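Keep the sequence and the 3D view side by side while reading. The paragraphs below go from one residue to its surroundings, and then to other parts of the chain.

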Amino acid sequence: MATAQYFSIISWPFNNPENPAYVPVIWTANTDSMTFWQRVTNTVQAMAYYWLHMRTLDKEQAILNQNLDEKYRKRSLREIYFDSAKDSFMFSFDSRITGYARPMQRKLVEVGPLHLVDPKPLDESLQKWMDGAPEGVIYFSLGTNMKGTSMGDFRRKAFLKAFARLPQYRVLWKWENDVMEGLGENIRLQKWMPQQDILGRKF
């Protein structure tokens, strides 16, 4: 299962023919209409990420070997990765509406945004704060994989500077602390926010 748009490092073990000469690497700004040099750099990035992924698997395997008894290690991480081709199928919370045309085996199934549900009413204070935004609200979150406090002062100040240039908007910022130095008047910090309810809210 892929909880977001699947990309080549996930689909390659399924022997899915994703040629980086015309399938854009997900984290680039490339589209399905690339110039020659964009195709070259796209291919280099795809190969580099594959190499990095394999290197990471080996490092993780070394950590496993040091900390997990051998009787619990039936297969190596590489074996598990390359055995994906034997799996019945993989489904991703992806939709062809949000991506470019690409080859896809029948084993790879796009199930669309199944995780989306009808939004629930927001907390009264949050709802009132959002309703008071002159032009709308910007929702800023790094998700659960990265803490905002890990971005460092340089990047944090860059975001604060950018948001200060948008006084007509209010900014909801998922932040692990209650305070932030240099916080603008149009920014509200919260340690946790009901993301689906916020993004599903009708203005």
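Start at lysine 174, which touches Phe140, Ser141, Gly143, Gln190, Lys191 and Met193, leaving aside residues up to four places away in sequence. The model is a predicted one. Lysine 174 belongs to strand β4, which covers residues 170-174. Is lysine 174 buried or exposed? Its relative accessible area is 17%, and because buried means under 20%, lysine 174 counts as buried.

One of the residues that lysine 174 touches is Phe140, and this phenylalanine has a ring partner. Phenylalanine 140 pairs with phenylalanine 159; the ring centres are 4.6 Å apart and the planes make an angle of 35°. The pair is classed as tilted, because that word is used for planes that are neither under 30 degrees apart nor over 60. Where in the chain do the two partners sit? Phenylalanine 140 is in strand β3 (residues 137-140) and phenylalanine 159 is in helix α5 (residues 152-164), so the pair links parts of the chain 19 residues apart. The two differ in accessibility: phenylalanine 140 is buried at 12%, while phenylalanine 159 is partly exposed at 30%. Ring pairs also join Phe140 and Phe159 with Phe163, Trp173 and Trp175 in a cluster. The structure has 11 aromatic pairs by the rule used here.

Ser141 and Gly143, also touched by lysine 174, lead to the largest pocket. The residues nearest the centre of this pocket are His115, Ser141, Gly143, Thr144 and Gln195. In all, 18 residues line it, and the space inside is about 450 Å³. Which element gives the most to this lining? Helix α6 (residues 195-199) does, with three residues. By type, the lining has eight nonpolar residues, nine polar ones and one charged one.

The second largest pocket holds about 260 Å³ of space. It is lined by 20 residues, with Val23, Pro24, Val25, Ile26 and Arg102 closest to its centre. Here the lining divides into 12 nonpolar, six polar and two charged residues.

Next, find helix α2, which runs from residue 36 to residue 67. How far apart should the ends of its 32 residues be? At 1.5 Å a residue the expected span is 46 Å, and the C-alpha atoms at the two ends are 47 Å apart, so the two values agree. The buried residues of α2 are Asn42, Ala46, Met54, Leu57 and Gln61. An α-helix has 3.6 residues a turn, so residues three or four places apart point the same way. The buried residues of α2 pack against α3, residues 77-82.

Alanine 48 is in helix α2 too, but its relative accessibility is 40%, so alanine 48 counts as partly exposed. From alanine 48 to glutamine 190 there are 142 residues along the chain, and their C-alpha atoms are separated by 37 Å. Gln190 has already appeared, as one of the residues in contact with lysine 174.

A last alanine lies in a loop. Alanine 133 is found between α4 (124-131) and β3. With a relative accessibility of 13%, alanine 133 counts as buried. Alanine 133 and proline 194 are 61 residues apart in sequence, and the distance between their C-alpha atoms is 18 Å.

Technical notes: Residues numbered from 1 in each chain as written. Predicted model: local features only at pLDDT ≥ 70, side-chain atom pairs only at ≥ 80, totals over all residues. Heavy atoms only, no water. 1 Å grid on protein atoms, 1.4 Å probe; cavity = no way out; pocket = protein on both sides within 12 Å on 5 of 7 lines; lining within 4 Å. Points joined across faces, edges and corners; volume = space filled by probe spheres on them. Helix = DSSP H or I, 4+ residues; strand = E, 2+ residues; numbered from the N terminus. Nonpolar A, V, L, I, M, F, W, Y, C, P; charged D, E, K, R; others polar. Phe/Tyr/Trp six-rings, centres within 6.5 Å; stacked < 30°, edge-to-face > 60°. Buried < 20%, exposed > 50% of the residue type's maximum accessible area, 1.4 Å probe, protein only. Expected span 1.5 Å × (residues − 1). Contact = heavy atoms within 4.5 Å.
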